[in-house]
Amino acid sequence: MKKLLLPLICLLVSTLTISSCSKDDDVKNSSTIIGTWELVEIEGETTATQTATFNDDSTFTLLVSIVVNEETPDNELVTGTYETLNDLVILTKGIGEDQEIWSYKFLIDDNELSLTSILDASDTSVFTKKD
């Protein structure tokens, strides 16, 4: 009987653990990030303007114009998909070998969006809602 008790306890614990996990545990708050945002503050020595748009179909566009040492602006349009999970936003650009993934902690306070790189906490950009 003791030999059966341990496997039964393990089965019960694993069943309870699996049944307590659900997609509801991974609360997504993407609706708060949806919209168009304009850069108002960035860390670093470059002058940049950025407009980020997060769509309700989980796609994003980022229009970046960077001026370094007062030279002609370098403009770039970045498109891809995004996913939010609690206070993280994960941006994916490209596919296969060309794929790039950026992860940021995000905080929205009224009409202000702060994005902080999870790789470098000093890399923070602040946007205001344009809509």
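# Notes on the predicted model: salt bridges, loops and a pocket

1. Let me start with a single lysine. K105 counts as partly exposed, because its relative accessibility is 44% and that class lies between the buried limit of under 20% and the exposed limit of over 50%. Please keep in mind as you read on that this is a predicted model.

2. K105 has a charged partner. Its salt bridge is with D87, and the closest N and O atoms of the two are 3.8 Å apart. This pair joins distant parts of the chain: D87 sits in the loop between β4 (74-85) and β5 (88-93), whereas K105 belongs to strand β6 (residues 100-109), and 18 residues separate them. D87 is partly exposed too, with a relative accessible area of 34%.

3. How many salt bridges does the rule give for this model? The count comes to 3. Another of them pairs K130 with E38, where the closest N and O atoms are 3.6 Å apart. Here again distant parts of the chain are linked: K130 is in the segment after β8 (124-129), E38 is in strand β1 (residues 35-42), and the two are 92 residues apart. K130 has a relative accessibility of 49%, so it counts as partly exposed; E38 falls in the partly exposed class with 33%.

4. K93 and E100 also form a salt bridge, with 3.5 Å between the closest N and O atoms. Is K93 buried or exposed, or does it belong in between? At 23% relative accessibility, K93 counts as partly exposed, since buried would require under 20%. E100, with a relative accessible area of 34%, is partly exposed.

5. Now for the overall layout. The protein chain contains 1 helix and 8 strands. Read from the N terminus, the order of elements is α-β-β-β-β-β-β-β-β. Of the chain's 131 residues, 24% count as buried. If you look at the contacts with a separation of 6 or more, 32% of them come from residues 24 or more positions apart. The accessible surface of the chain comes to about 9,500 Å², and carbon and sulfur atoms account for 55% of that surface.

6. Two backbone angles may catch your eye. N86 is not a glycine, yet it has a positive phi of about 55°. Where does N86 lie? N86 is in the loop between β4 and β5, the loop that also holds D87 from the salt bridge with K105. With 42% relative accessibility, N86 counts as partly exposed.

7. The other angle belongs to D110, which likewise is not a glycine and has a positive phi of about 55°. D110 is found in the loop between β6 and β7 (112-117). Its relative accessible area is 70%, which means that D110 is exposed, as the limit for that class is over 50%.

8. N111 shares this stretch of chain, being placed in the loop between β6 and β7. What does N111 touch, once residues up to four places away in sequence are set aside? The partners are W37, F127, T128 and K129. For N111 and T128, the C-alpha atoms are 5.5 Å apart in space, while the sequence separation is 17 residues.

9. Back in strand β6, we find I101. Leaving out its neighbours within four places in sequence, I101 is in contact with I90, L91 and T92. I101 and T81 are 20 residues apart in sequence, and their C-alpha atoms are 9.7 Å apart.

10. Finally, a point that may interest you as a computational chemist: the largest pocket has a volume of about 500 Å³. Its lining is made of 26 residues, and those that lie nearest the centre are Q50, L62, V64, Y104 and S125. Which strands each supply at least two residues of this lining? They are β2 (47-54), β3 (59-67), β4, β5, β6 and β8. By class, 14 of the lining residues are nonpolar, 6 are polar and 6 are charged.

Notes
Residues are numbered from 1 along each chain as its sequence is written. This is a predicted model: local features need pLDDT of at least 70, side-chain atom pairs count only at pLDDT 80 or more; totals for chains, interfaces and linings use all residues. Side-chain values use heavy atoms; hydrogens and water are left out. A salt bridge is a side-chain nitrogen of Lys or Arg within 4 Å of a carboxyl oxygen of Asp or Glu. Helices (H or I, at least four residues) and strands (E, at least two) are DSSP runs, numbered from the N terminus. Buried means under 20% relative accessible area, exposed over 50%, partly exposed in between (1.4 Å probe, protein chains only). Contact means heavy atoms within 4.5 Å. Accessible areas come from the Shrake-Rupley method with a 1.4 Å probe; for residues, only the protein chains shown count as cover. On a 1 Å grid over the protein atoms alone, a cavity is a set of points where a 1.4 Å probe fits but cannot get out, and a pocket is an open set with protein on both sides within 12 Å along at least five of seven lines; lining residues have an atom within 4 Å of a point. Grid points are joined across faces, edges and corners, and a volume is the space filled by probe spheres set on the points. Ala, Val, Leu, Ile, Met, Phe, Trp, Tyr, Cys and Pro count as nonpolar, Asp, Glu, Lys and Arg as charged, and the others, Gly among them, as polar.
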